[in-house]
Amino acid sequence: MNLASYRKKSPWILHYNAGGCNGCDIEILACLGPKYDIERFGMINTGNPKQSDILLVTGPVTKRSRERLVEIYAQMPEPKVVVSCGACACTGGVFRGMYNCEGGVDQYIPVDVYVCGCGTRPEQIIDGVVQALGILEQKTKAMEVSVRLQKEPLKEEGQINRRNIADQIKPALS
Amino acid sequence: MNDLLIPVLLILLAPLIGGLVYGFERIIKARMQRRIGPPLLQPFYDFLKLADKRKMIVHSAHAFLGIMHFVSLWFALAVLLLGGDLILVIFLHLLSTSLIILAGYSTRSIFSHLGANRTAISILAYEPVLIIIAVSIFMLTGSFDASAAFNWDQPLLYKMPLAFIALLLVLPIKLKKSPFDVAEAHQEVTGGVEIEFSGIFFEAVYTAKWLDYVFCYTLVFLFAGNNILLGIGLMVFTFFYLNALDNSSARVNYKQMLRFSLTVSFSLAFINLLINIFT
Amino acid sequence: MYPLITSLFLVPVIVSGLLLILPKTVARILVITSSLVLAALSLYVFINLDGVLYFGVPHYVNDLVAVADIVLLVYFGWIALRRRSWLVGLMTVLQFGGLLYLLKILPADHSLQFMVDKLSAFMFLLINVISGIIAIYSLRYIDEEHCSSFRKKHFLSILFWFIAVMNLVVSSNNLEYFFLFFELTTLASFLLIGFRKDELSVKNALTALWMNQVGGVAILAAIFFIIYNGYGEATFSNLLAHASASGILLPLALLSVAALIKGAQLPFSKWLLGAMVAPTPVSALLHSSTMVKIAPFIILRLSPALKDTPVATVVIALTGFVFVAAAISALSQDNFKRILAYSTIALLALMIMMAAVGTPVTIVAALVLILFHGMSKCLLFLNAGILERVFHLKQSSDMDRLGESGPFTSLVITIGFMSLLLPPFGAFIGKWLSIETLGALATDKKLLGALVIVAVAGGGAVLSLLYFKVMGLLIARTGDHDKIRFEKTGLVYAGTMYVLLGLIILSVLGLPLLLTGYFVPVASQTLGMPVAVVMDGWNMHIGAMKLPMVPLLIALFLLPVTIITALFIRFKNVDRVKEYMCGEKINYSFSSFYFSTDRATPYFTTTGILFFVALIVAALI
């Protein structure tokens, strides 16, 4: 039995707002409602990184939220995909270049699907998630790490200790 | 032979049955909200997907206690289905709950602790009621064995309607349904005790929930005596009642739950006990 | 047999005297050997005792007892004067007057002052084994106490004195002797509670003194009424022989009052709670094997006479109430020892209730509860001492790091709590037997049975919530402590823990054997009628009650084995990940929840007093 084929049938979503205006979040929640009903694809909004497969990030990454973003990303078990929802999450949007803002999500974690729009429409989100599912099926269980902000995970006795992976913040490359 | 075969089959297939009930429940719930809902086999897809995830845990004791929660719950269910002593069954269920509570406490995680606290409090809410119901069944059948209730030639429901209502009022606590889902409360404590489990280790806790369905519906079935048709009717009624209640009510806090359960449900069960004793 | 039983009385007395004069190392050896000897003796007596053994003592001992009574009361009077405690003074005057009057009217010839039956032998075993372990434990504990070396010797000496007096209490037949020994346990507990000599200790010791003296007055009154009503000698055996006579209820009720006070039932719970100020071995001693266990012992002794009387009804109702009230009060406590104390009061209520119901199965349940509660509470209290001494913890809310710093201690405490709560442990079996037989009780005593079942069900659930609350703080640890290393607490502390754990697990494993060979003979002799025990396939039938053995054995595998394995198991090739805290990196400190019971407590006390009044009224009507 090929277990990988079931990834597509039960994608559980974690939704994280890295510092946006909540516009995209409302659209994500609209997907759960009766009109768009993404539960018919087996999707659940879990609110818990340890049990989810898809990380939906909205908003630009602020200095305050970047460690939390990486920490939550590290707590998701592989295989996992990241969908950045909305203009801010993709590029920084209107907040780009501000003193408190670090730009798009891909500055810190590897993003698989970019969904454009300010705010994104539910149809676009669903489309993005469906594309992410295609990528999810191809992924392996090898460990994935964040792009800029990371500490080498400790290996002890054949086990990987990824507990304090976002402990140290290196200054952003500039 | 035959009267042993059915319980054994039920015990072996309990996770499957529970999974189907859960899948069906998700559809019904979606339809009540005018959604289409997931496919019937969705719980099993979830199950297979979770098996495929990279394994990670907080620490070994926590993961192990989660697995043992599943095992001990299955055992409690087996004793119930084989017609064992009801008080023993209630205590064995308490044992399995105690393991998940300990698992919740064993990590230094806030949500896990909150969930464990709330689960411990919900024990206080439902356990006395269940014991009183078991004693009422004893008053009627003269035996604490579940098999005596299964073989009783007249539905227990006629003699103990109030106890059945009390059971209906505590079942949402046990199955973590609104308005009494404080222990799980996805929007507040993101699942409570189950939060730190992931991948294949979460599977144990996830399937244990399915077993809980079978456990609770068997308790409902007890009220039908040997009348199987009525038993199925009661189970279907309870199923729709639970989902309608879940969809139509908001969550109360733990104090309200405790107060409601210890005043209303408990007194209902107690009045029923008095009726059974004095008639 | 006589020399053996007498040596059970004399050996602790001699050891107690020797401990005062011997140097430290010799005293250590003496404590250990005499504990072992006493345990072996009591085991031998238990195994080889058949039937009921009555024996008298020479005539001059009677005079000696009278003199000892007077000396004791004079000492109490002196304490009352010195501490200016009018309650102690009042009680002493009452006792003194009563005693002098009784000495005048007491028939001169009483021959059978001692009675040793299987119940006494059962108590011997409990007292000597558990107290021996506590004595060995306190060798180290008292060594670390800040006091003069003489007072350390004094402490151990009183400990053995206590054992001797307890052995005498459970084997006395004559109520006058019983009164003396009863008061001597009061004296021993007074000395032990006041051991630290600070203000609080003295105050609480005086509370314990006067409350227990009320029990003494009740015993004297009981003796008076027995003689006044013309039932002949004031002995237990005589009392049981006149079980159905009219007017016998008053002495029975008075003796029950004495028992309930010793058992720290509401409103007399204050003395046991105040006993917490003493060094921890004292609490362990008072709660597990001695002192409070006199309460279920007296009721068990009287149960054939008490059964189905109005007095028994009131006792059952009272203990049912106390079971719930004490459990609820425990929920509001933070101090670890106070939590344990309240749970002792609750479980004692259950034992007394079972003994007062008096059917064969409930007697077995009471015995099972006495034994397993003794072991578990001893384990927990000794651990409370270790927590104080090694980890410097007193409040349960501070214990949230214990799982990391002291995994062994936290494991032992967890097992201790589990053993009071869940299958397959003995205390659970006792509770289970209680619920099922109370169900049977409800068929003839309808309302009472129903109410008591509600009390047991409700109180049991509250207790389980309480235990989970404490256990939860004990076992938390972060993922960094995946591999645990047991802490070193020292030979004496760790050794006594291992012995107690071993005893608990062995007695759980041997429960079918224990029930047939240990509890049932005791129960049948106490009741004076045979208790039927049949093994039918995998079920054991005790009277009308069925115990399925297979689920219990599997539960044994599931619970204790799981908890122990959970500490040692390590999953390989699995990533370790941080706890989910919304991505934050703060370390939270954990605490537990409390229920405030301040508003309810006055009602508890008032209700308790009303029940005590009702007890006497029920006897008079």
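**Entry 1: the turn after H22(C)**

A helix here is a DSSP run of H or I with at least four residues, and helices are numbered from the N terminus. With that in hand I looked at the end of H22(C), where Gly528(C) takes a positive phi of about 75° just after the helix. The model is a predicted one, and I keep that in mind for every entry below.

Next I went back along the helix itself. H22 of chain C covers residues 511–527 and bends by about 35° at Phe519(C). A proline, Pro521(C), follows within four residues of that bend. Which residues of H22(C) are buried? I listed Leu511(C), Leu515(C), Tyr518(C), Phe519(C), Val520(C), Val522(C), Ala523(C), Gln525(C) and Thr526(C). Phe519(C), where the helix bends, is thus on the buried list too. For reading such a list I remember that an α-helix has 3.6 residues a turn, so residues three or four places apart point the same way.

**Entry 2: strands S3, S4 and S5 of chain C**

I then checked the strands of chain C at 533–548, taking them pair by pair. S3(C), residues 533–536, runs antiparallel to S4(C), residues 539–542, and 4 bridges join them. Val533(C) has Ile542(C) in S4(C) as its bridge partner. S4(C) is also joined by 4 bridges to S5(C), residues 545–548, again in the antiparallel sense. In that pair I found His541(C) standing opposite Lys546(C) in S5(C).

**Entry 3: domains of chain C**

I looked up how chain C is split. Domain 1 takes residues 1–234, and domain 2 takes 307–570 + 592–621. Their C-alpha centres lie 27 Å apart. How many residues does each domain put into the contact? Domain 1 of chain C gives 14 and domain 2 of chain C gives 19. On the domain 1 side I noted 10 nonpolar and 4 charged residues, with no polar ones.

**Entry 4: chain B against chain C**

Here I counted the contact between the two chains: 57 residues of chain B touch 51 residues of chain C. On the chain B side, the elements giving two or more residues are S1 (56–57), H3 (60–81), H4 (86–106), H5 (110–141) and H12 (254–278). Which of them gives the most? H5(B) does, with 16 residues. By class, I have 41 nonpolar, 10 polar and 6 charged residues on this side of chain B.

S1(B) deserved its own look. S1(B) pairs with S6(C), residues 575–576, in the parallel sense over 2 bridges. Met56(B) stands opposite Asp575(C) there.

**Entry 5: chain C against chain A**

I checked the other contact of chain C as well. Chain C and chain A each put in 13 residues. The chain C side breaks down into 4 nonpolar, 3 polar and 6 charged residues.

**Entry 6: chain B on its own**

Last, I took chain B by itself and counted 12 helices and 1 strand. Reading from the N terminus, I get α-α-β-α-α-α-α-α-α-α-α-α-α. Why call chain B as compact as a globular protein of its length? Its radius of gyration is 18 Å, close to the 19 Å that the globule rule gives for 279 residues, so the description fits. The C-alpha atoms of chain B fill a box of roughly 60 × 45 × 40 Å along the principal axes. I also noted that 63% of the 279 residues in chain B are buried. Of the chain B contacts with a separation of 6 or more, 78% come from residues 24 or more positions apart.

Conventions. Residues numbered from 1 in each chain as written. Chains lettered and ligands numbered in written order. Predicted model: local features only at pLDDT ≥ 70, side-chain atom pairs only at ≥ 80, totals over all residues. Contact = placed C-beta atoms within 7 Å. Nonpolar A, V, L, I, M, F, W, Y, C, P; charged D, E, K, R; others polar. Pairing = 2+ DSSP bridges. Domains from an automatic or database assignment. Bend = angle between axes of the 7 residues up to and from the residue. Buried ≥ 20, exposed ≤ 12 C-beta atoms within 10 Å, placed from the backbone. Rg over C-alpha atoms; globule rule 2.2 N^0.38 Å.
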